[in-house]
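User: Please take a close look at one residue and the contacts around it. Then place that site in the rest of the chain.

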Amino acid sequence: MMIYYMLAALLIVVDQLSKWAILQNFELYEEKILLPGFLSLFYIQNRGAAWGIFEGRMIFFYIITVFVVGYLIYMFHKEKTDSKLVGVSFSLILAGAIGNFIDRLVNGFVVDMFRLDFINFPIFNVADMCLTVGVALMLIHVLFFEKEENI
């Protein structure tokens, strides 16, 4: 179980270092192309949730994040699964939630920087990637690997 917490901690560090690098080296709305036509770094400040929804409702985000993180930790210890898929999913979701929570506490906004240039998609960060992949892995587990409970 400790390995999953260590993975989450590592991902939080990667997330925070990437955001720190953007804050130190970019002006707001500055862009640097990494892979032409595919990926750019573009610094924005997200004061809401995904796609900027619920902008300016920081207390709401604080409460939701504390609840979600607490629930994740409680369920992870209660269920004591041997599934590596669930463990990695837990690590990713935990890292994503905490990574963006740190931004909201420290900055009052979330630092986003990755832009996909080949599609009209919201700009995102490492924590967002962790959350997205973590939720996808959990859905895969629930849909395909979780044992059916007898009713």
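Analyst:
**Arg115 and its surroundings**

Arg115 counts as partly exposed because its relative accessibility is 22%; buried means under 20% relative accessible area, exposed over 50%, and partly exposed in between, with a 1.4 Å probe and the protein chains only. The model is predicted, and local features need pLDDT of at least 70, side-chain atom pairs count only at pLDDT 80 or more, while totals for chains, interfaces and linings use all residues. Residues are numbered from 1 along each chain as its sequence is written, and side-chain values use heavy atoms, leaving out hydrogens and water.

Arg115 forms a salt bridge with Glu31, with 2.3 Å between the closest N and O atoms; the term stands for a side-chain nitrogen of Lys or Arg within 4 Å of a carboxyl oxygen of Asp or Glu. Arg115 sits in strand 3 and Glu31 in strand 1 (residues 31-35), so the pair ties together parts that are 84 residues apart in sequence. Helices (DSSP H or I, at least four residues) and strands (E, at least two) are numbered from the N terminus. Glu31 is partly exposed, since its relative accessible area is 37%.

Arg115 also meets the side chain of Asp117 in a salt bridge, at 3.3 Å from N to O. Asp117, at a relative accessible area of 30%, is partly exposed. Elsewhere, Asp15, Lys19 and Asp103 are joined into one network by salt bridges that share partners. Another salt bridge links Lys78 and Glu79, whose closest N and O atoms are 4.0 Å apart. Glu79 is partly exposed, with 49% relative accessibility. The count of salt bridges comes to five.

Strand 3 (110-116) is followed by a loop that leads to helix 4 (126-145) and holds Phe121. Phe121 counts as partly exposed, its relative accessibility being 41%. Together with Leu34, Leu35, Phe38, Phe118 and Ile119, Phe121 forms a nonpolar surface patch with about 570 Å² of accessible area. Patch members have over 30% relative accessible area and no salt bridge, with nonpolar side chains (Val, Leu, Ile, Met, Phe, Trp, Tyr) joined within 5 Å and like charges within 9 Å. The areas come from the Shrake-Rupley method with a 1.4 Å probe.

Strand 3 has a part in the largest pocket too. This pocket holds about 1300 Å³ of space, the volume filled by probe spheres set on its grid points. A pocket is an open set of points on a 1 Å grid where a 1.4 Å probe fits, with protein on both sides within 12 Å along at least five of seven lines; lining residues have an atom within 4 Å of a point. The lining has 42 residues, and Val68, Ile93, Leu131, Thr132 and Val135 are the closest to the centre. Two or more lining residues come from each of strand 2 (39-46), helix 2 (58-79), helix 3 (84-107), strand 3 and helix 4. Helix 2 gives the largest share, ten residues. By type, the lining divides into 27 nonpolar, ten polar and five charged residues.

As for the whole, the protein chain contains four helices and three strands, in the order α-β-β-α-α-β-α from the N terminus. Buried residues account for 38% of its 151 residues. Leu11, in helix 1 (residues 2-25), is buried, with a relative accessible area of 18%. The C-alpha atoms of the chain fill a box of roughly 55 × 35 × 30 Å along the principal axes.

Methods. Ala, Val, Leu, Ile, Met, Phe, Trp, Tyr, Cys and Pro count as nonpolar, Asp, Glu, Lys and Arg as charged, and the others, Gly among them, as polar.
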